[in-house]
Amino acid sequence: FACINPVYVFKIIWATKGDYFLTLAALFGISVISAIMEVVANLGTLFFIAGPLLTFIGMYGWIVQMRILGLFFRYNQLKLGWG
């Protein structure tokens, strides 16, 4: 339940200031790029291709975001004390 404790969360943010905000910006940027790609794919494809294409774009965006979070964790593992 530590992840919902604000004191614990702010302590982590304080310990990893620059990396945290860089990760946050990257996650936001990927979300925006993914949303733009989904709009373009929805407008520019045939209706029977749009569903699978939008699913692929959304899943790819999530995978990239998970990779960035994994890199954040690996890079800051000692600061966070998570293992």
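## The salt bridge

Across the whole structure, the search turns up 1 salt bridge. Since this is a predicted model, please read everything below as computed from its coordinates. The partners are Lys 79 and Asp 19, whose closest N and O atoms are 4.0 Å apart. In general terms, side chains of opposite charge can pair when their charged atoms come close.

This pair links distant parts of the chain: Lys 79 belongs to helix 4 (residues 77-80) and Asp 19 to helix 2, with their positions 60 residues apart. How does Asp 19 sit with respect to the surface, buried, exposed or partly exposed? Asp 19 counts as partly exposed because its relative accessibility is 21%, and a residue is called buried under 20%.

## The largest pocket

If you like to look for empty space, the largest pocket is a good place to go next. About 220 Å³ of space lies in this pocket. Helix 1 (6-15), helix 2 and helix 3 (47-75) are the elements that each give two or more residues to its lining.

Which kinds of residue make up that lining? The count is 11 nonpolar, 1 polar and no charged. Among the lining residues are the aromatic side chains of Tyr 8, Tyr 20, Phe 72 and Trp 82. The list also includes Ile 12, Ile 13, Leu 24, Leu 27 and Leu 69, along with Cys 3, Val 9 and Thr 23.

## A nonpolar patch on the surface

Turning to the outside, Phe 28, Val 32, Ile 36 and Val 40 make a nonpolar surface patch of about 390 Å². One of these, Val 32, is found in helix 2, which covers residues 17-44. Val 32 counts as partly exposed because its relative accessibility is 33%; patch membership asks for over 30%.

## Two long-range distances

Two C-alpha pairs help to give a sense of scale. Phe 47 lies in helix 3, and the C-alpha atoms of Phe 47 and Asn 76 are 44 Å apart in space, with their positions 29 residues apart in sequence. Phe 47 has a relative accessibility of 74%, so this residue counts as exposed.

The other pair starts from Glu 38, which has its place in helix 2. Glu 38 and Leu 71 are 33 residues apart along the chain, and 26 Å separates their C-alpha atoms. With a relative accessible area of 27%, Glu 38 is partly exposed.

Methods. Residues are numbered from 1 along each chain as its sequence is written. This is a predicted model: local features need pLDDT of at least 70, side-chain atom pairs count only at pLDDT 80 or more; totals for chains, interfaces and linings use all residues. Side-chain values use heavy atoms; hydrogens and water are left out. Patches are made of residues with over 30% relative accessible area and no salt bridge: like charges are joined within 9 Å, nonpolar side chains (Val, Leu, Ile, Met, Phe, Trp, Tyr) within 5 Å. Accessible areas come from the Shrake-Rupley method with a 1.4 Å probe; for residues, only the protein chains shown count as cover. A salt bridge is a side-chain nitrogen of Lys or Arg within 4 Å of a carboxyl oxygen of Asp or Glu. Helices (H or I, at least four residues) and strands (E, at least two) are DSSP runs, numbered from the N terminus. Buried means under 20% relative accessible area, exposed over 50%, partly exposed in between (1.4 Å probe, protein chains only). On a 1 Å grid over the protein atoms alone, a cavity is a set of points where a 1.4 Å probe fits but cannot get out, and a pocket is an open set with protein on both sides within 12 Å along at least five of seven lines; lining residues have an atom within 4 Å of a point. Grid points are joined across faces, edges and corners, and a volume is the space filled by probe spheres set on the points. Ala, Val, Leu, Ile, Met, Phe, Trp, Tyr, Cys and Pro count as nonpolar, Asp, Glu, Lys and Arg as charged, and the others, Gly among them, as polar.
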